[in-house]
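Hi there,

Here is the structure I promised to pass on. Have a look at it first, and then read my notes below.

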Amino acid sequence: MAAVAAGGLVGKGRDISLAALQRHDPYINRIVDVASQVALYTFGHRANEWEKTDVEGTLFVYTRSASPKHGFTIMNRLSMENRTEPITKDLDFQLQDPFLLYRNARYPSKLNSGTHNE
């Protein structure tokens with residue numbers, strides 16, 4: 001992937017990433033922030049614990065020219081199936097460093113950025 005600076009992707013890397021995202025969603029118009037490595041977990045109610053999914057890769061937070069105006073995508077390195085979430089009033093966030101927990105209408109999830117071991 002492209003070079004990552006303190007402010008996220010820079011220059012040509014940002015342009016390449018934006019073009020890749022726009023192939024999946026042509027309404028994406030700007031990358032707001034990037035985390036170079038995240039892993040997605042979902043909460044398993046039967047086991048009452050967090051379970052790692054097969055979604056892991058670069059997280060892009062972006063703006064869109066259509067509604068919803070914001071969203072994020074994890075470009076999955078483990079398979080061709082990316083995770084995309086629109087950011088709406090129905091999406092709840094909670095930061096518990098190094099985790100970002102979020103809940104949508106379907107299920108609670110958490111993102112682990114970096115290589116923190118539980």
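Before we get going, one cut-off: a residue is called buried when its relative accessible area is under 20%, exposed when that value is over 50%, and partly exposed in between. Take F43 as a trial case: its relative accessibility is 23%, so F43 counts as partly exposed. You'll need that idea a few times below.

Also keep in mind that this is a predicted model. The average pLDDT, which is the predictor's confidence, is 85 for the protein, and 81% of the residues score at least 70. Among the elements, strand β5 (residues 70-76) has the highest mean pLDDT, 96, while strand β1 (residues 4-5) has the lowest, 46. Go carefully with residues 1-7, where the pLDDT is below 50. That stretch still has 10 contacts in the model beyond its near neighbours in sequence.

Now the overall layout. You'll find one helix and nine strands, and along the sequence they come in the order β-β-α-β-β-β-β-β-β-β. Of the 118 residues, 37% are buried. About 7400 Å² of the protein is exposed, and carbon and sulfur atoms supply 52% of that area. As for contacts with a separation of 6 or more, 36% of them join residues that are 24 or more positions apart.

Next, what sits inside? In soluble globular proteins, nonpolar side chains tend to be buried together. Here the largest nonpolar core has nine residues: L18, A20, L21, I28, I31, V34, F60, Y62 and M75. Helix α1 (11-24), strand β3 (28-44) and strand β4 each give two or more residues to this core. Another core lies apart from it, with eight residues, including V38, L59, I74 and L91.

One residue I'd zoom in on is T58. Where is T58 placed? It is in strand β4 (residues 49-64). Is T58 buried or exposed? T58 has a relative accessible area of 5%, so it is buried. Leaving out residues up to four places away in sequence, T58 touches V34, A35, S36, T73, I74, M75 and R77. A polar atom of the T58 side chain lies 3.2 Å from the backbone oxygen of S36. You can also check T58 against A39: they are 19 residues apart in sequence, and their C-alpha atoms are 8.9 Å apart in space.

Finally, the aromatic rings. How many aromatic pairs does the structure hold? There are four. In one of them, the ring centres of F43 and W50 are 5.2 Å apart and the planes meet at 75°, so this pair is edge-to-face. F43 is the partly exposed residue from the start, and W50, with a relative accessible area of 26%, is partly exposed too.

F72 and Y102 also form an edge-to-face pair, with 5.4 Å from centre to centre and 85° between the planes. F72 lies in strand β5 and Y102 in strand β8 (residues 99-103), so this pair ties together parts that are 30 residues apart in sequence. F72 is buried, at 4% relative accessibility, and Y102 is buried as well, at 2%. Ring pairs link F72, Y102 and F93 into a cluster.

Have fun turning it around on your screen!

Cheers

Definitions and conventions
Residues are numbered from 1 along each chain as its sequence is written. This is a predicted model: local features need pLDDT of at least 70, side-chain atom pairs count only at pLDDT 80 or more; totals for chains, interfaces and linings use all residues. Side-chain values use heavy atoms; hydrogens and water are left out. Helices (H or I, at least four residues) and strands (E, at least two) are DSSP runs, numbered from the N terminus. Buried means under 20% relative accessible area, exposed over 50%, partly exposed in between (1.4 Å probe, protein chains only). Contact means heavy atoms within 4.5 Å. Accessible areas come from the Shrake-Rupley method with a 1.4 Å probe; for residues, only the protein chains shown count as cover. pLDDT is the predictor's confidence in each residue, from 0 to 100. A polar contact is a pair of N or O atoms within 3.5 Å; within protein, one must be able to donate a hydrogen and the other to accept it, and residues adjacent in sequence count only if both atoms are side-chain atoms. Rings of Phe, Tyr and Trp (its six-membered ring) pair if their centres lie within 6.5 Å; planes under 30 degrees apart count as stacked, over 60 as edge-to-face and the rest as tilted. A nonpolar core is a set of buried Ala, Val, Leu, Ile, Met, Phe, Trp, Tyr and Cys residues joined through side-chain atoms within 4.5 Å.
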